[in-house]
Amino acid sequence: MTNSNKTATLIVNGETYELPMYTPTAGPDVIDIRKLYAQAGVFTYDPGFTSTAACDSTITFIDGEKGELLHRGYPIDQLAGKSHYLEVCYLLLYGELPTVDQLEDFEHRVTHHTMVHEQMMNFFRGFRRDAHPMAIITGVIGAMSAFYHDSLDITDEWQREVASIRMIAKMPTIVAMAFKYTVGQPFVYPRNDLDYASNFLRMCFSVPCEEYEVNPILSRAMDRIFTLHADHEQNASTSTVRLASSSGANPFACIAAGVACLWGPAHGGANQACLEMLREIGTVDRIPEFIARAKDRDDPFRLMGFGHRVYKNTDPRATVLKQSADEVLELLGVEDNELLKVAKALEKVALNDPYFIEKKLFPNVDFYSGIILEAMGFPTSMFTPIFALSRTVGWISQWKEMIADPQLKIGRPRQLYHGETNRDYTDIETR
Ligand code: SDX
């Protein structure tokens, strides 16, 4: 963070306190309240972290008003258009775009870590076949700390590097295995002659009975979905990974915690929830009924795939994904997909409705990703696992940044307590 000579003056119970302020390279100034409790004996209160910076970082920046997303300073639309997922992984992990040799070495290391320990097959077999793939990958990723003992010591930089490469490399294999397990098909081993996205599609869709040729437009769309979901500042699942890591827990356990948080329908589970909502709407003529429900404060229903905590005009990822959706659906000849018709009509209605305009609700990344994944043949239960696969590099990059921070402290928020104050125990006969 960049120090500034500015301070914030706070008056508490008649006493005046000067709090240091920092001016970041982008975004709003921050007030350093680390000594507030020691000096003024008060806490701040911000349950959803709406106005609280929980850390300092150099990885990703979002300008919610402009609808801008930067990874190490590079705009997401340029990365989605000109780069590819593993190059973006290198950028997020190491801070700079790689040279030809650096990228070749990185891709070689990732490619040669894509297999999982053969014993893990048995771990999958403990699940019911109708288990949600997110339940399976949460368990399997947590279990990785039982298989890879040589990359658990977070104080050892080399072990942190190995754990990072292993997580990025093995996530597609684990997610594809979860898919195969739930559809009752045999696991497919990764292939070292395929690129990252093609390898994933083949592990998901190939069967032993015939050769599987990866369609380059689908693998490009898959790679773009990975890139667009790679990292996103201190969202709920990344904050979960950071908090879990602050206790010194091993990286696999921390990533498993991030996967569990991402599963929620308000976060990464929104792509599955959005497709299920589009199916429930069913036809364009039923859209007004659901818009009315979304506007009804007494109805907990929310328009899944709309709105965002930070973006207040447009989610730049949705803009790029919308182009991919058109390409994929045209390729697959499903541009007349009923779901897509409902999605496009819903988007148009919502964007012109005063309620949504006033609340600044618009399609987010999950609105279009679900449509593309559905068209590619994935069941809705696989949407969030694919989001988790994509976001692994973001979680790992943020984890590495935090662990390397000499100021690292265990995260331990305080609270606004308004429960019972001290009182004596009473015997049951007297209650
Ligand atoms: C992701 O943080 C990230 O970066 C997340 C993410 C990432 O890459 O990691 O971008 C991925 O999680 C995208 C968001 C996916 N979630 C959904 O699509 C679920 C639907 N969206 C909502 O749940 C909601 O918009 C949130 C959770 C995304 C954001 O909620 P906020 O910012 O906490 O806002 P809020 O819930 O306080 O809502 C503000 C107002 C409320 O109305 P009032 O109480 O002021 O009258 O807007 C309304 C809400 O009722 N509102 C919606 C709505 N979202 C907010 N009303 C109808 N439909 C919606 N989708």
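Before we start: a residue counts as buried when its relative accessible area is under 20%. Keep in mind that you're looking at a predicted model.

**Exercise 1. Work out which residues of helix α14 are buried and what covers them.**

Step 1: Find the helix. α14 covers residues 316–331, which makes 16 residues.

Step 2: Check its length. From first C-alpha to last, α14 reaches 23 Å, close to the 22 Å expected at 1.5 Å a residue.

Step 3: Apply the cut-off. The buried residues in α14 are P316, R317, A318, V320, L321, S324, A325, V328 and L329.

Step 4: Think about the spacing in that list. An α-helix has 3.6 residues a turn, so residues three or four places apart point the same way.

Step 5: Look for the cover. Among the elements over the buried residues of α14 are β5 (68–71), α2 (76–82), α9 (216–228) and α18 (383–403).

Step 6: Go just past the end of the helix. G333 follows α14 and has a positive phi, near 65°.

**Exercise 2. Decide how enclosed helix α12 is.**

Step 1: Compare the span with what you'd expect. The 12 residues of α12 (270–281) should span 16 Å at 1.5 Å a residue, and the end C-alpha atoms are indeed 16 Å apart.

Step 2: Count the buried ones. They make up 9 of the 12 residues, so α12 is largely enclosed by the rest of the structure.

Step 3: Name a few. The buried residues include N271, Q272, C274 and M277.

Step 4: Find their neighbours. The buried residues of α12 pack against α13 (287–295), α15, α17 and α18.

Step 5: Look just after the helix. G282 takes a positive phi of about 80° there.

**Exercise 3. Find out what holds polar contacts with the ligand, and how much of the ligand is covered.**

Step 1: Look around the ligand. It has 24 residues surrounding it, and the closest are H232, R297, H308, R317 and R391.

Step 2: Sort that shell. You get 10 nonpolar, 7 polar and 7 charged residues.

Step 3: Check some distances. The side chain of H232 has an N or O atom 2.5 Å from a ligand oxygen. For L303, a backbone N or O atom sits 2.9 Å from a ligand nitrogen. The R317 side chain puts an N or O atom 2.7 Å from a ligand oxygen.

Step 4: Work out the cover. On its own the ligand exposes 1000 Å², and the protein buries 78% of that.

**Exercise 4. Is D32 buried or exposed?**

Step 1: Place it. D32 sits in the loop between β3 (30–31) and α1 (36–40).

Step 2: Use the cut-off. D32 has a relative accessible area of 11%, so it's buried.

Step 3: Find its partner. The D32 side chain makes a polar contact with the side chain of Y22, at 2.6 Å.

Terms used. Residues are numbered from 1 along each chain as its sequence is written. This is a predicted model: local features need pLDDT of at least 70, side-chain atom pairs count only at pLDDT 80 or more; totals for chains, interfaces and linings use all residues. Side-chain values use heavy atoms; hydrogens and water are left out. A residue is near a molecule or strand if one of its heavy atoms lies within 4 Å of it. A polar contact is a pair of N or O atoms within 3.5 Å; within protein, one must be able to donate a hydrogen and the other to accept it, and residues adjacent in sequence count only if both atoms are side-chain atoms. Accessible areas come from the Shrake-Rupley method with a 1.4 Å probe; for residues, only the protein chains shown count as cover. Ala, Val, Leu, Ile, Met, Phe, Trp, Tyr, Cys and Pro count as nonpolar, Asp, Glu, Lys and Arg as charged, and the others, Gly among them, as polar. Helices (H or I, at least four residues) and strands (E, at least two) are DSSP runs, numbered from the N terminus. The expected span of a helix is 1.5 Å times one less than its number of residues. Buried means under 20% relative accessible area, exposed over 50%, partly exposed in between (1.4 Å probe, protein chains only). Contact means heavy atoms within 4.5 Å.
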